[in-house]
Amino acid sequence: MSVGVITCGLLTRHVADIRDRRGWDLDVRPLPPLLHQRPERIAPEVRALADALAADCDRVVVAYADCGTYGALDGVCDELGLARLRGGHCYDVFAGPDRIEALHADQPGTFLLTDALIVGFDRLVLQELGLDR
């Protein structure tokens with residue numbers, strides 16, 4: 001069975017590493033990490049890529065948390081019969097929602113970073129927020 005995996009750009013490397021380590025036959029297709037700056041575009045992009053992958057794959061899954069879509073991604077996944085990662089954001093995926101909730105309760109205003117966000121910080125944060133100007 002061929003499986004297409006639509007990944008959040010920030011999770012792509014992790015999904016590909018798991019695929020390679022386990023020898024799985026997965027077609028890993030990332031969406032741009034910059035979609036996190038415009039989360040209203042995530043669900044339509046997932047839909048378009050899922051439609052494209054459906055022609056070549058027996059199954060399509062989504063390696064995304066909600067990522068600010070406020071349920072729109074779940075609507076697309078439900079409509080198309082796609083499974084997706086649970087959680088509100090990548091941090092829930094990596095650390096678990098209970099740990100993240102406890103951290104924010106203990107340290108309000110905490111800003112969390114993934115390795116991909118650190119590597120791409122200049123592009124994803126400084127440039128996108130105009131802080132480089």
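**Exercise 1. Decide whether Ile-118 is buried or exposed, and place the residue in its helix and surface patch.**

Step 1. Ile-118 counts as exposed because its relative accessibility is 52%, where exposed means over 50% relative accessible area, buried under 20% and partly exposed in between (1.4 Å probe, protein chains only). The model is a predicted one, in which local features need pLDDT of at least 70 and side-chain atom pairs count only at pLDDT 80 or more, while totals for chains, interfaces and linings use all residues. Residues are numbered from 1 along each chain as its sequence is written, and side-chain values use heavy atoms, with hydrogens and water left out.

Step 2. The residue belongs to helix H6, residues 115-119; helices (H or I, at least four residues) and strands (E, at least two) are DSSP runs numbered from the N terminus.

Step 3. Together with Phe-111 and Leu-113, Ile-118 makes a nonpolar surface patch of about 320 Å². Such patches consist of residues with over 30% relative accessible area and no salt bridge, nonpolar side chains (Val, Leu, Ile, Met, Phe, Trp, Tyr) being joined within 5 Å and like charges within 9 Å; a salt bridge is a side-chain nitrogen of Lys or Arg within 4 Å of a carboxyl oxygen of Asp or Glu.

**Exercise 2. Locate Ala-65 and state whether it is buried or exposed.**

Step 1. Ala-65 is found in the loop between strand E3 and helix H3 (72-80).

Step 2. Ala-65 counts as buried, because its relative accessibility is 1%.

Step 3. From C-alpha to C-alpha, Ala-65 and Cys-90 are 6.1 Å apart in space, although 25 residues separate them in sequence.

**Exercise 3. Describe the largest pocket and its lining.**

Step 1. The largest pocket holds about 470 Å³ of space, a pocket being an open set of points on a 1 Å grid where a 1.4 Å probe fits, with protein on both sides within 12 Å along at least five of seven lines.

Step 2. It is lined by 17 residues, of which Leu-10, His-36, Tyr-91, Phe-111 and Leu-117 are the closest to its centre; lining residues have an atom within 4 Å of a point.

Step 3. Helix H4 (90-95) and helix H7 (121-127) each supply at least two residues of this lining.

Step 4. By class, the lining has 11 nonpolar, 6 polar and no charged residues.

**Exercise 4. Describe the second largest pocket in the same terms.**

Step 1. The volume of the second largest pocket is about 310 Å³.

Step 2. Among its 13 lining residues, Val-5, Val-15, Ile-18, Ala-63 and Leu-85 lie nearest the centre.

Step 3. Two or more residues come from each of helix H1 (12-22), strand E3 (59-63) and H4.

Definitions and conventions: Grid points are joined across faces, edges and corners, and a volume is the space filled by probe spheres set on the points. Ala, Val, Leu, Ile, Met, Phe, Trp, Tyr, Cys and Pro count as nonpolar, Asp, Glu, Lys and Arg as charged, and the others, Gly among them, as polar. Accessible areas come from the Shrake-Rupley method with a 1.4 Å probe; for residues, only the protein chains shown count as cover.
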